[in-house]
Amino acid sequence: MRHKKNLIILALGAAAVFAADFAAEGDRWWAHIQSLADDKLQGRDTGSEGYREAVKICCRDDGGVRTQAGTFGATLKMDSMSDSIAFYRHALPVESAAAVEAVIASPFLTSGAVCKTVEKLLCEFFGTAHAFLTSSWTHGAVAALLALDIGAGDEVIVPAQTFIATANVVELIGAKPVFVDVDPHTLLMDPAAAAAALTPRTRAVMPVHLYGQMCDVAGLRRVLAGHPDIAIIEDAAHAFESSRDGYLPGQHSDAAIFSFYATKNVTCGEGGAIVTNRTDLAPRFHSTRLHGMSTSAADRFSGGRYNHWDMVCLGTKANLPDLLAALLPDQVRTIRDRLPARQKMADRYREAFAELPLRLAKVLPGCSTAEHLFPIHVPPAVRDDAIWQLNTAGVNVTVNYRSVPDTQYYRGKYGFRPEQFPVSYHWGQGEITLPLYELLRQDQQDRVIEAVRGLSSLFAGSRIPAS
Ligand SMILES: Cc1ncc(COP(=O)(O)O)c(C=O)c1O
């Protein structure tokens, strides 16, 4: 017991030293950035793009941004010291702070006029009748499942190859996630696989548009034609700019849910949205996102007087504040124009890797992918060595995703075994996600490509599965 206490004290001490070091580092970099700003003001060259950005922050001459500049400086230093390529860098311009400032200057911080503006933009973008901003994909999905009255005793079909959130929301509302394996070429849920998993308890199917390529939602709708009580909820967290055979998320389903998490193509740090054409369900989505209340705080004072509210159903707290929503309008307006640059980058990867013994996710004709993530698959026996080798070459990567039924929680609760979902399991054991983002420069991408080519020596003797 005493030993444990000592360990905790030691850990807290180490954290404090690290925080102090980081702050000191920030201070040093703040001074450096100020001198760079000076250079810029004097018309002297300030070096790399990143430094110029730092200078831009500093040029605002605002003591309040000092910590931000310091932290940013420390991040830049880490990048430059290790000469590494970040897995992801957001492209939010510093100028977007003005939209947040405008909210701060208004009397209303939580969901109000800004959210309504964004919701209207989303309806226009997706051609849906309704849109509801949420605090995350996860909370939006919980609100949607509650709106559909799904709970204990019900089943929801989800793919085994996805981010854990897709299944977790089903668990959270007390229903049972029923996993199906994915197509070995696209890694997407096949409508036929979903149909095979139907039981009298099935209440919804959640296809996931993994990495940005849309599932066959129209096909899923066809196989569910005899089951009007089974909802289709699209996990469109990766698919803001995606289309399939000319249709968009939300057009063939009961709801499509997006994520505006920090690394998504459209982001406000944390956030999400539900879009739907189900006018009958719209008031339910509105309420379950706000504790089941009949009116939101903003609507409570409309007409210049206080309007009573009631609790009409059980809901959660899933609304997005205007403070964060303010970052979205510009991105929604420009995202389609920004897609070609990422498409070009993804195509460069595809071309460069065509002759390598790697598996790539196949993109089907008729699918326009949002190119949210770029996954490669290497033989599982050498995956971790491959990650290490890429890291050593200064390329930061991640894994998206291990098969969900293979995680400790789901194995423990349901006793799943890898052979039940072999495609997802095998993909999850060999997957590596490469850097793919707007700010990735061509010379950096060239380095990633070279580093991936350099993995070939690892594959000698490994069995390369067919795509
Ligand atoms: C496929 C998928 N679904 C759901 C989520 C959850 O999104 P959020 O973090 O907004 O809750 C993510 C997040 O990365 C995701 O990748």
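How many bridges join β1 to strand β8, and in which sense do the two strands run? In this predicted model, 5 bridges link β1 to β8 (residues 272-276), and the pair is antiparallel. Within this pairing, A131 has V275 as its bridge partner in β8. Helix α5 (residues 113-126) packs on the sheet here, with contacts to β1 and β8. The direction of α5 makes about 130° with that of β1. Helix α6 also packs on the sheet, where it touches β1, β5, β7 (255-259) and β8. Relative to the direction of β7, that of α6 makes an angle of about 160°.

The sheet to which these strands belong is open and consists of 7 strands, arranged in the order β1-β8-β7-β5-β4-β2-β3 with mixed pairing. The edge positions are held by β1 (130-134) and β3 (176-180); each has a single partner strand, so one side of each is left without a neighbour in the sheet. On average, neighbouring strands of this sheet are turned by 25° against each other, direction ignored. At the level of the whole protein chain, 17 helices and 12 strands are assigned. The chain comprises 467 residues, of which 41% count as buried. Of the contacts between residues at least 6 apart in sequence, 71% join residues at least 24 apart.

Parallel pairing is found in the part of the sheet that contains β2, β4 and β5. Strand β2 (residues 155-159) runs parallel to β4 (residues 202-205), and 3 bridges join the two. One residue of this pairing is V156, whose bridge partner in β4 is A204. Strand β4 also pairs in the parallel sense with β5 (residues 231-235), over 2 bridges. In this second pairing V205 stands opposite I232 of β5. Between β4 and β5 the chain passes through helix α9 (residues 217-223), and the resulting β-α-β crossover is right-handed.

The ligand is surrounded by 14 residues, among which S136, W137, T138, A237 and S259 come nearest. Classified by residue type, the shell contains 6 nonpolar, 7 polar and 1 charged residues. Two helices that each supply at least two residues of this shell are α6 (137-147) and α7 (165-172). Helix α6 thus has a place in the ligand shell and also packs on the sheet.

Several backbone features depart from common values. Most residues other than glycine have a negative phi, and most peptide bonds are trans. The peptide bond from N400 to Y401, however, is cis, with omega near 5°. Y401 is located in the loop between α13 (383-392) and α14 (408-414). A positive phi, near 65°, is found at L187, a residue other than glycine. L187 belongs to the loop that lies between β3 and α8 (191-196). Because 25 other C-beta atoms lie within 10 Å, and 20 or more suffice for this class, L187 is buried. Y211 likewise is not a glycine and has a positive phi, of about 65°. The loop between β4 and α9 contains Y211. With 24 C-beta neighbours inside 10 Å, Y211 also counts as buried.

Two residues in helices illustrate spatial relations across separations in sequence. P422 is placed in helix α15 (residues 422-430) and counts as partly exposed, having 13 C-beta neighbours inside 10 Å. Although P422 and V182 are 240 residues apart in sequence, their C-alpha atoms are separated by 9.0 Å in space. A192 is in helix α8; this residue is partly exposed, with 14 other C-beta atoms within 10 Å. The C-alpha atoms of A192 and G219 are 8.8 Å apart, while the two residues are separated by 27 residues along the chain.

Key
Residues numbered from 1 in each chain as written. Predicted model: local features only at pLDDT ≥ 70, side-chain atom pairs only at ≥ 80, totals over all residues. Near = placed C-beta within 6 Å. Helix = DSSP H or I, 4+ residues; strand = E, 2+ residues; numbered from the N terminus. Nonpolar A, V, L, I, M, F, W, Y, C, P; charged D, E, K, R; others polar. Pairing = 2+ DSSP bridges. Right-handed = clockwise from strand over helix to strand, strands pointing away. Buried ≥ 20, exposed ≤ 12 C-beta atoms within 10 Å, placed from the backbone. Contact = placed C-beta atoms within 7 Å. Axes fitted to C-alpha atoms, helices over the stretch in contact; angles between N-to-C directions.
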